[in-house]
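Student: Could you walk me through the labels people put on a model like this one? I'd like to see how each one is earned.

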Amino acid sequence: VAPTAPAFKRHKVAIAAKLAGIPLQTETAASEAALAELCAGSGLACRTCVLFAPEGPVTQSYAALRYVASCAPGAGLYGDTHYDEGVADQWLEFCVLELEVAVVAVVAASSMKDAAAVKTAAMADCAKALTVLDSWLAARTFLVTERPTIADIALACVVEAAIAADLVDCAALAAERKNALRWYLTCAHAFGFAPESLDRAKASVPKAALLSKAAAKPPPKASSSAPAPTTTPPKGGGTPALPITVSDPASLYAPCFSRSRTRLRELLKRAPVGETVTVKGWVRSVREAEKGATNFVELNDGSCLASVQIVASSTKTEGFASLKSCGGAGASLAVTGEVVESLGKGQSIEVRAATVAVLGATRGGPDKTTGAQFYPLAKKFHTPEHLRAHAHLRPRSRLGSAVVRVRDELAYATHEFFHRNGFLYIHTPLITAADCEGAGEQFTVTTLMPEDGEVPTKDKMPTLPSGAIDYSSDFFGCKCGLTVSGQLNVETHAVALGDCYTFGPTFRAENSHTTRHLAEFWMIEPEVSFADLHDDVALATDYLKYCVAAALARCDEDLAFFEQATEKGLRDRLRALVEAPAEFPKLEYTDAITTLQTAIKNGDVTFENNDVHWGMDLNSEHERYLTDTVYKGPVVLINYPKNIKAFYMKLNPVAGDPSRQTVAAMDILVPKIGEIIGGSQREDDFEVLEQRAKEVGIEPASIKWYADLRLYGSVPHAGFGLGFERLVMLVTGVENIRDVIPFPRYPGHAEF
């Protein structure tokens with residue numbers, strides 16, 4: 001580092017190296033000229049700092065930051081996707097142009113006549129930059145992802161320097177830019193900033209906002225290597241208090257877990273030609289060359305769709321003989337070797353194996369003979385039906401693994417969306433005595449069945465005088481079943497805690513063999529207090545767009561695969577949904593019926609069910625006609641007839657014919673799928689709710705606890721349900737719901 005270089009340039013690289021787990025030695029050059037001499041011959045200009053990496057010198061502090069981040073992709077310092085990298089680069093540029101220039105200018109002008117004017121201008125620039133930063137952080141913990149990146153490191157270090165140079169009005173920061181202040185203090189603790197750099201920022205913040213009843217002493221002054229923050233035991237001994245205002249729990253402890261391998265996702269993204277790596281995974285195919293003296297192995301570890309080619313030689317690879325006898329496709333290997341540029345098509349790099357260890361061979365047949373001839377997923381095309389029959393191996397297929405990764409991302413995005421919007425995650429029971437939908441499609445949970453395979457007869461089961469089964473002697477003392485929805489239970493929390501959601505498995509004993517139904521599936525069900533149907537539609541729209549946008553941003557490789565395997569133009573369809581108007585168009589149920597009847601009458605369409613009339617529950621073909629042909633995009637149907645909806649939905653005022661009374665319900669319909677979300681405003685009137693329960697055959701006593709919510713401070717509230725598997729179908733283009741859940745349950749099938 002040049003002796004005149006600002007301290008923050010050294011500091012940010014040291015912090016990044018610490019978080020990446022990379023040893024870094026820092027030295028100060030005798031002069032700028034001496035620093036330039038170190039780069040002589042490289043053709044690179046160097047005025048403030050240079051990082052000497054194994055591959056050669058890296059000049060400029062921001063280039064050094066990017067290099068350090070690339071050396072430890074698992075640390076997430078450059079984000080997790082190419083999109084994240086782009087956002088990080090934008091903030092690095094912002095840091096230079098909007099803040100760093102101001103700080104450096106003040107230092108350079110300190111001995112000049114116009115120093116005061118320069119400082120005033122710099123303060124204005126800093127205030128403007130912090131306002132932009134504050135707005136961006138309104139719904140974010142850090143700048144790019146949910147953990148610090150090099151963008152957070154660089155910007156926090158420059159803000160620290162600006163505070164030290166009196167360029168930041170800390171009182172204004174606390175009063176007007178609380179998001180920026182919260183972010184800065186979080187970064188300061190996570191990066192181990194020296195205590196004195198925090199004092200001025202904290203001084204203008206009310207103690208109640210920062211301190212617990214037993215606040216920790218400030219952490220010790222950080223060294224140039226920026227160690228993790230430490231704590232000091234309170235007086236009198238006892239457990240040390242944790243650092244305050246830390247949003248990243250990982251900053252509070254030294255991690256123990258690390259992989260003994262490089263995941264292919266990070267390896268292929270970084271392509272570190274010349275490095276020696278260890279990769280582990282499962283063989284997809286083996287190809288021999290040079291009369292068997294060279295083997296080309298396609299190895300995949302599930303972290304991404306792509307595989308890496310392993311080149312093993314009989315003369316240069318230790319363990320070559322065991323590789324030859326591993327059985328081929330399906331075997332598991334551990335390979336250590338050098339990453340080299342690949343001359344083959346479809347791959348940029350390959351691993352030249354120095355050692356190969358067979359972790360598990362492929363065996364099969366009556367005698368469990370080694371060989372891939374018995375492996376159900378040998379390299380060839382497999383139908384979805386074949387993969388479904390081997391669901392325990394389906395994740396090893398390209399289709400199966402891509403579905404799992406997208407499903408994982410959508411589940412993460414679900415929790416991320418609701419967490420960002422202040423919802424609480426509620427675990428609702430799977431065993432319940434209430435039938436939420438009132439449709440009688442519950443699986444019964446009982447211990448009254450005779451054991452040892454005996455045929456259940458009435459004389460072997462307790463009965464009532466009427467002949468019905470007496471469940472009072474059952475395990476729970478009443479008739480119970482597997483839940484069809486967690487909604488009723490999550491409502492109890494929503495009317496006490498505000499906004500809540502549940503995300504878990506639900507069950508329907510519906511004897512359906514369609515490609516859209518399962519007996520066991522997952523549901524996302526949020527409930528919002530002090531909300532009506534309009535609020536419900538807005539929340540559902542935002543949630544759906546967020547999940548689809550997350551898949552587009554983070555699963556591009558898998559979505560590109562699905563475009564080839566399941567649906568051409570998939571990503572364009574998903575982008576159209578995300579880029580649709582802020583609110584999807586709304587269509588009254590009554591108007592939808594009229595639209596369909598007119599289309600049938602004019603000969604524009606012929607449905608399998610042409611008997612379209614008011615009061616019917618629309619079929620998926622009707623829904624898809626509205627989305628694919630009429631609106632050519634998503635549409636929200638609202639205000640359905642009460643007789644085809646659940647008892648808990650809010651009755652709308654009667655308008656005209658009393659037999660056509662509707663409820664404040666909505667369904668979001670999307671192209672290709674039809675209904676993806678169904679919701680409603682909930683009935684908040686006790687007497688009306690009881691009457692509606694009786695109308696659909698539900699004994700009010702069985703839902704007394706639910707109805708009671710209307711007696712103790714009832715409030716307008718609304719919610720919706722989304723079948724998670726249908727969301728996965730929407731995003732992947734997979735047409736059969738049985739192929740988007742790991743182990744599908746449907747009539748006649750409960751294997752695995």
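**How the labels are earned**

Tutor: Sure, and keep in mind that this is a predicted model. Let's start with E266, which is buried at a relative accessible area of 14%.

Student: Why is E266 called buried?

Tutor: The cut-off for buried is under 20% relative accessible area. E266 comes in at 14%, so it is buried.

Student: And what makes R263 partly exposed?

Tutor: R263 has a relative accessible area of 22%. Partly exposed runs between the 20% and 50% cut-offs, so R263 gets that label.

Student: How do you know that R263 and E266 form a salt bridge?

Tutor: Their side chains meet with N to O at 2.9 Å. The rule asks for a Lys or Arg side-chain nitrogen within 4 Å of an Asp or Glu carboxyl oxygen, so the pair R263 and E266 qualifies. By this rule the count comes to 33 salt bridges.

Student: What makes E298 and R398 a salt bridge?

Tutor: The closest N and O atoms of E298 and R398 are 2.6 Å apart. The limit is 4 Å, so this pair counts too. It links distant parts of the chain: E298 sits in strand β4 (residues 294-300) and R398 in helix α14 (residues 398-420), 100 residues apart.

Student: Are those two buried or exposed, or something in between?

Tutor: E298 is at 16%, under the 20% cut-off, so call it buried. R398 is at 36%, between 20% and 50%, so it counts as partly exposed.

Student: Why is D708 called buried?

Tutor: Its relative accessible area is 14%, and the cut-off is under 20%, so D708 is buried. The side chain of D708 also meets that of K704 in a salt bridge, 2.9 Å from N to O. Elsewhere, salt bridges with shared partners join E491, E527, R682 and R710 into one network.

Student: Now the strands. How do you know that β3 and β6 pair?

Tutor: Pairing takes at least two bridges, and β3 (residues 276-289) and β6 (residues 332-341) have seven, so they pair, in the antiparallel sense. As one example, V279 has V335 in β6 as its bridge partner.

Student: What makes β3 and β4 a pair?

Tutor: They have seven bridges against the required two, so they pair, again in the antiparallel sense. W282 stands opposite N300 in β4. β3 and β4 form a hairpin with four residues between them, and E290 in the turn has a positive phi of about 55 degrees.

Conventions: Residues numbered from 1 in each chain as written. Predicted model: local features only at pLDDT ≥ 70, side-chain atom pairs only at ≥ 80, totals over all residues. Heavy atoms only, no water. Buried < 20%, exposed > 50% of the residue type's maximum accessible area, 1.4 Å probe, protein only.
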